[in-house]
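Work through this model at the bench with a few short questions. Each answer builds up to the value or name asked for.

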Amino acid sequence: MEALARFGFELGVLKRIRRAGWWQAGVRDPESVAEHTTRVAQLAGLLAAEGGADPARAAYLALWHDTQETRTGDLPHTIKGFVEKPDPRAITAAQTSALSGAARDSVRDAVDEYEAAESPEALYARDADKLEMLLQAVEYRDVGVRNVDEWITSATKSLQTDLARRVAEAALTLSSLSWRVR
């Protein structure tokens with residue numbers, strides 16, 4: 001149980017790590033990795049439900065997709081060509097090495113499935129990651145951040161499912177304030 005508690009404390013670091021790429025767009029106080037992950041998991045579950053896949057599994061995969069950043073920090077895309085992206089599976093193996101077999105295997109299997117990107121749930125979880133970035137870019141744009149177009153373009157181009165592309169298309173026609181009850 002001590003190992004589980006230690007890992008719980010490590011996961012808490014995600015609440016303090018900021019999404020670093022947004023600083024390059026001029027965002028002074030970007031959301032944390034934990035805040036990003038929450039909406040990714042929610043979107044993954046919704047996409048999976050709409051697409052006929054297992055929403056709980058898609059959300060679970062999404063919950064673990066960035067947990068490696070407790071060890072690396074959030075690495076912006078501008079590192080490409082200078083630093084090799086760390087292997088998420090290797091980091092997860094190190095993070096979970098002290099956990100019991102059931103907990104360890106659950107996390108490692110989720111990260112492996114997400115990284116393999118073969119199951120419908122993994123595809124929806126990966127698309128949810130990109131959709132969350134797109135939604136966040138629109139939100140920042142709506143409050144005056146002007147340099148978000150490359151994030152919107154990158155997110156849109158990365159989507160793998162028709163369902164996620166349709167959601168992105170709809171999001172781009174809306175203001176981020178359009179959800180408010182009228």
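Q: At what angle do the axes of helix H5 and helix H6 cross?
A: This is a predicted model, where local features need pLDDT of at least 70, side-chain atom pairs count only at pLDDT 80 or more, and totals for chains, interfaces and linings use all residues. Residues are numbered from 1 along each chain as its sequence is written, and side-chain values use heavy atoms, without hydrogens and water. H5 spans residues 88-95 and H6 residues 101-116 (helices are DSSP runs of H or I, at least four residues, strands runs of E, at least two, numbered from the N terminus). Their axes (lines fitted to C-alpha atoms over the stretch in contact, with angles from 0 to 180 degrees between N-to-C directions) come within 10 Å and cross at roughly 175 degrees.

Q: Are H5 and H6 roughly parallel or roughly antiparallel to each other?
A: Angles under 35 degrees count as roughly parallel, over 145 as roughly antiparallel, 65 to 115 as roughly perpendicular and the rest as oblique. H5 and H6 cross at roughly 175 degrees. The pair is therefore roughly antiparallel.

Q: Which residues in H6 meet H5?
A: Contact means heavy atoms within 4.5 Å. On the H5 side are Pro88, Arg89, Thr92 and Ala93. The contact residues divide into 5 nonpolar, 1 polar and 4 charged (Ala, Val, Leu, Ile, Met, Phe, Trp, Tyr, Cys and Pro count as nonpolar, Asp, Glu, Lys and Arg as charged, the others, Gly among them, as polar). The H6 partners are Val107, Arg108, Val111, Asp112, Glu115 and Ala116.

Q: How do H3 and H6 lie to each other, roughly parallel or roughly perpendicular?
A: Helix H3 covers residues 55-64. Its axis is 9 Å from that of H6, at an angle of about 95 degrees. H3 and H6 are therefore roughly perpendicular.

Q: How many nonpolar residues does the contact of H3 with H6 have?
A: H3 brings Arg57, Tyr60, Leu61 and Trp64. They meet H6 residues including Ser106, Asp109 and Tyr114. The contact has 1 polar and 3 charged residues, and its nonpolar count is 7.

Q: Which residue has a positive phi in the loop between H6 and H7?
A: Most residues other than glycine have a negative phi. In this loop one residue other than glycine has phi near 55 degrees. That residue is Ala117.

Q: Are H7 and H9 roughly parallel or roughly antiparallel to each other?
A: H9 covers residues 162-172, and its axis comes within 10 Å of that of H7. The axes cross at roughly 5 degrees. H7 and H9 are therefore roughly parallel.

Q: How many charged residues does the contact of H7 with H9 have?
A: Among the H7 residues are Leu131, Leu134 and Leu135, and H9 residues in the contact include Leu163 and Val167. The contact has 11 nonpolar and no polar residues, and its charged count is 1.

Q: Which residues are closest to the centre of the largest pocket?
A: A pocket is an open set of points on a 1 Å grid over the protein atoms alone, where a 1.4 Å probe fits, with protein on both sides within 12 Å along at least five of seven lines; lining residues have an atom within 4 Å of a point. The largest one has a volume of about 1,000 Å³ (space filled by probe spheres set on the points). It has 35 lining residues, and the closest to its centre are Leu75, His77, Lys85, Asp129 and Lys130.
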